[in-house]
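Thank you all for coming. I would like to take a few minutes to go through the surface and the charged pairs of one model, so please have a look at it while I talk.

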Amino acid sequence: MYDNTAMENLMKSVEVITKFRDTQFDVVKRGWAANSEVISVNPVYLKAGIPSPTGFVMNMQPSEAEAGFNIRLPPTADPDNLRKTIAEEWAPASRNLTFHISESGPLRDYKGRPLMTFTNESNPWWSVFEQAITAAGGKLAKPEILASTTDARFVRQMGIPVLGFSPMINTPILLHDHNEYLEEAVFLNGIKVYESIISSFSS
C-alpha cells in the first residue's frame with residue numbers, strides 16, 4: 001500500500017483478523033472442536049516505519065506497511081471461502097490493500113476431495129485398526145487432525161487413506177523439545193501394539 005493511511009489501513013485489518021482468530025479459539029475453549037479442527041491464524045511479522053540514523057522517525061506516517069500471517073486450515077475448511085474472506089474482509093481493495101497467499105502443501109487430493117481419512121464405519125481399515133489396538137490391550141483416544149505434524153497429506157493427495165498413530169501412553173507431548181524422552185516400558189509396550197496392528201492388517 002502506498003498512501004499516508006497505510007498504517008491505519010493495516011491496523012484495521014489486523015483487528016479484523018484478530019477477532020476471527022479469537023472466535024476460533026472460543027470454539028475450542030467451549031469444547032465444540034479440537035485445536036486441529038479450527039482455522040489457526042498466527043501473526044508472524046509486521047513491517048512499517050520510516051528509518052532514521054537512530055532507529056525510526058517517530059512523527060511521520062509510513063507510506064507502506066506490511067504484515068504476514070501463518071494460516072493453517074483443517075481439511076474440513078473450504079480454502080475458497082477463506083480466500084473470499086481475505087479479499088472482502090481482511091484485505092479489501094477498497095482500503096487500498098493487496099495480499100499474497102503462499103500455499104505450502106496440498107489442500108485436496110487428485111480428485112478434488114479434502115485430504116481426510118475417515119475414522120468411522122465408512123472406512124473398512126478403521127475397524128481393523130480399532131480391533132488391533134483392543135487386541136493389544138489398548139484404547140484409542142479421540143482421533144485428531146494433525147496436518148502440520150505429518151507428511152501423510154502427500155500420500156492422501158494420491159487418494160490413499162492414511163492413519164497416523166503413536167502408542168506413547170502416559171507420556172507428555174514433548175515433540176522437538178530439549179528433553180524429549182520415552183520410558184522404556186512404554187517403548188516395549190509399543191512394540192507389542194505394532195505387532196498386533198501389523199498382524200491385523202496383513203491377515
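Let me begin with the surface: which residues make a nonpolar surface patch of about 440 Å²? In this model, which I should say at once is a predicted one, the patch is made by Met168, Leu182, Phe187, Leu188 and Ile191. One of these, Leu182, is placed in the loop between α4, residues 152-156, and α5, residues 184-202. With a relative accessible area of 37%, Leu182 is partly exposed, and because a patch residue must have over 30% relative accessible area, that value of 37% lets Leu182 be considered for the patch.

From there I turn to the charged side chains, where the count comes to four salt bridges, and I will take some of them in turn.

In one of them, the side chains of Lys12 and Glu8 meet with a distance of 3.8 Å from N to O, which is within the 4 Å that the rule allows. Why are these two about one helical turn from each other? Lys12 and Glu8 are both in helix α1, residues 6-29, and because they are four residues apart there, about one helical turn separates them. As for their surroundings, Lys12 is partly exposed at 38% relative accessible area, and Glu8 is likewise partly exposed, with 47%.

Next comes the pair of Glu103 and Arg83, a salt bridge in which the closest N and O atoms are 2.5 Å apart. Glu103 lies in the loop between α2 (79-90) and α3 (124-135), whereas Arg83 lies in helix α2, so this pair ties together parts that are 20 residues apart in sequence. Glu103 has a relative accessible area of 47% and is partly exposed, and Arg83, at 31% relative accessibility, also counts as partly exposed. The pair belongs to a wider arrangement, since Asp80, Arg83 and Glu103 are linked in a network of salt bridges.

The last pair I want to show is Arg113 with Asp109, a salt bridge whose closest N and O atoms are 2.7 Å apart. Are its two partners buried or exposed, or partly so? Arg113 is partly exposed, with a relative accessible area of 38%, while Asp109, with 8%, is buried, because buried means under 20% relative accessible area.

To go back over the main points, we have a nonpolar surface patch of about 440 Å², a count of four salt bridges, and a network that links Asp80, Arg83 and Glu103.

Notes: Residues are numbered from 1 along each chain as its sequence is written. This is a predicted model: local features need pLDDT of at least 70, side-chain atom pairs count only at pLDDT 80 or more; totals for chains, interfaces and linings use all residues. Side-chain values use heavy atoms; hydrogens and water are left out. Patches are made of residues with over 30% relative accessible area and no salt bridge: like charges are joined within 9 Å, nonpolar side chains (Val, Leu, Ile, Met, Phe, Trp, Tyr) within 5 Å. Accessible areas come from the Shrake-Rupley method with a 1.4 Å probe; for residues, only the protein chains shown count as cover. Buried means under 20% relative accessible area, exposed over 50%, partly exposed in between (1.4 Å probe, protein chains only).
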